[in-house]
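Colleague: I would be grateful for a close look at the cavity and the pocket of this model, with their linings, and at the local features that ought to be considered beside them. Please set the answer out as one connected account.

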Amino acid sequence: MLSPGTQAPDFTLRCTPDQSVSLSELRGQPVVLAFYPADWSPVCGDQMALYNETLDEFQEFQAELIGISVDGAWCHDAFAKHNKLHFPLLADFEPKGAVARAYGVYDEKDGTCERALFVIDSDGIIHWSYVSPTGVNPGANGILSALEDLRTKSETTPAAK
């Protein structure tokens, strides 16, 4: 798993069957990447629902939240509509798990993403990362603490001239 201080690998993935999102498009603001094993699994559904409920808190930090799994864009579309999710789910579908592999969180045995979280700063550097056991919802507290730490760090660091 990539550790803090590492440049986050750029990627472009489908968020709908006909639209894509690139990490580089989000530079200038913090980004939360929430890798998860699969749409429709109970723990994943709970985790994404929790993030949907706490989306306002992420947005207080001007952070963009993105969910990523190896499911296809059509599956994500149905899952997001069913759960009324208000953040993008990206399909790390083909080549399967390429982005999860780049971040060191692809589970070769199961063919899915691990349940991993990354907070990336506005310059594209990983600020915080965490892997949770597959059957455990990691919650939002770690993400919010990392975003608070990132804000504090940016407020105390003089702007470069």
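Modeller: The account below begins with the enclosed space and the open pocket, and then turns to a helix, the charged pairs and the backbone. The model is a predicted one.

The structure holds one cavity of 30 Å³ or more. The volume of the largest cavity is about 40 Å³. Its lining is made up of L23, L26, R27, G28, Q29, V31, I120, D121, S122 and G124. Sorted by class, that lining comprises four nonpolar, four polar and two charged residues.

The largest pocket, an open space, has a volume of about 400 Å³. Eighteen is written here as a plain count: 18 residues line this pocket, and those closest to its centre are D121, S122, L150, K153 and S154. D121 and S122 also appear in the lining of the largest cavity. Two elements, strand 9 (126-132) and helix 5 (141-156), each contribute at least two residues to the pocket lining. Helix 5 gives the largest share of that lining, with five residues. In terms of class, the pocket lining divides into six nonpolar, eight polar and four charged residues.

Helix 1 may be taken next, with regard to its length and its burial. Helix 1 covers residues 42-53, twelve in number. From its first C-alpha to its last, helix 1 reaches 17 Å, which is close to the 16 Å expected at 1.5 Å a residue. The buried residues of helix 1 are C44, G45, Q47, M48, Y51 and N52. Viewed down the axis of helix 1, these buried residues fall within an arc of 165 degrees, so they line one face of the helix. P42, D46 and E53, on the other side of helix 1, are exposed.

The charged pairs form the next topic. Side chains of opposite charge can pair when their charged atoms come close. With a cut-off of 4 Å between a side-chain nitrogen of Lys or Arg and a carboxyl oxygen of Asp or Glu, the count comes to three salt bridges.

One of these joins K81 and D77, with 3.3 Å between the closest N and O atoms. Both residues belong to helix 3 (residues 73-83), where they are four residues apart, about one turn of the helix. K81 is exposed, at a relative accessible area of 60%, while D77 is partly exposed, at 23% relative accessibility. As buried means under 20% relative accessible area, the value of 23% places D77 in the partly exposed class.

Another salt bridge is formed by the side chains of E108 and R101, with an N to O distance of 2.5 Å. E108 has a relative accessible area of 57% and is exposed; R101, at 40% relative accessibility, is partly exposed.

The side chains of K109 and D110 also meet in a salt bridge, with 3.8 Å from N to O. K109 is exposed, its relative accessible area being 74%, and D110 counts as partly exposed at 47% relative accessibility.

The backbone remains to be described. Most residues other than glycine have a negative phi, and most peptide bonds are trans. Against that background, three places in the loops deserve to be listed with their conformations.

The peptide bond that joins E94 and P95 is cis, with omega about 0 degrees. P95 is located in the loop between strand 5 (89-91) and helix 4 (98-102).

Q62, a residue other than glycine, has a positive phi near 55 degrees. Its place is in the loop between helix 2 (55-60) and strand 4 (64-69). With a relative accessibility of 54%, Q62 counts as exposed.

K84 likewise has a positive phi, of about 55 degrees, although this residue is not a glycine. K84 lies in the loop between helix 3 and strand 5. At 60% relative accessibility, K84 is exposed.

To return to the part requested, the open space is the pocket of about 400 Å³, to whose lining helix 5 gives the largest share. The enclosed space is the cavity of about 40 Å³.

Notes:
Residues are numbered from 1 along each chain as its sequence is written. This is a predicted model: local features need pLDDT of at least 70, side-chain atom pairs count only at pLDDT 80 or more; totals for chains, interfaces and linings use all residues. Side-chain values use heavy atoms; hydrogens and water are left out. Buried means under 20% relative accessible area, exposed over 50%, partly exposed in between (1.4 Å probe, protein chains only). The expected span of a helix is 1.5 Å times one less than its number of residues. The arc is that of the directions from the helix axis to the C-beta atoms. On a 1 Å grid over the protein atoms alone, a cavity is a set of points where a 1.4 Å probe fits but cannot get out, and a pocket is an open set with protein on both sides within 12 Å along at least five of seven lines; lining residues have an atom within 4 Å of a point. Grid points are joined across faces, edges and corners, and a volume is the space filled by probe spheres set on the points. Ala, Val, Leu, Ile, Met, Phe, Trp, Tyr, Cys and Pro count as nonpolar, Asp, Glu, Lys and Arg as charged, and the others, Gly among them, as polar.
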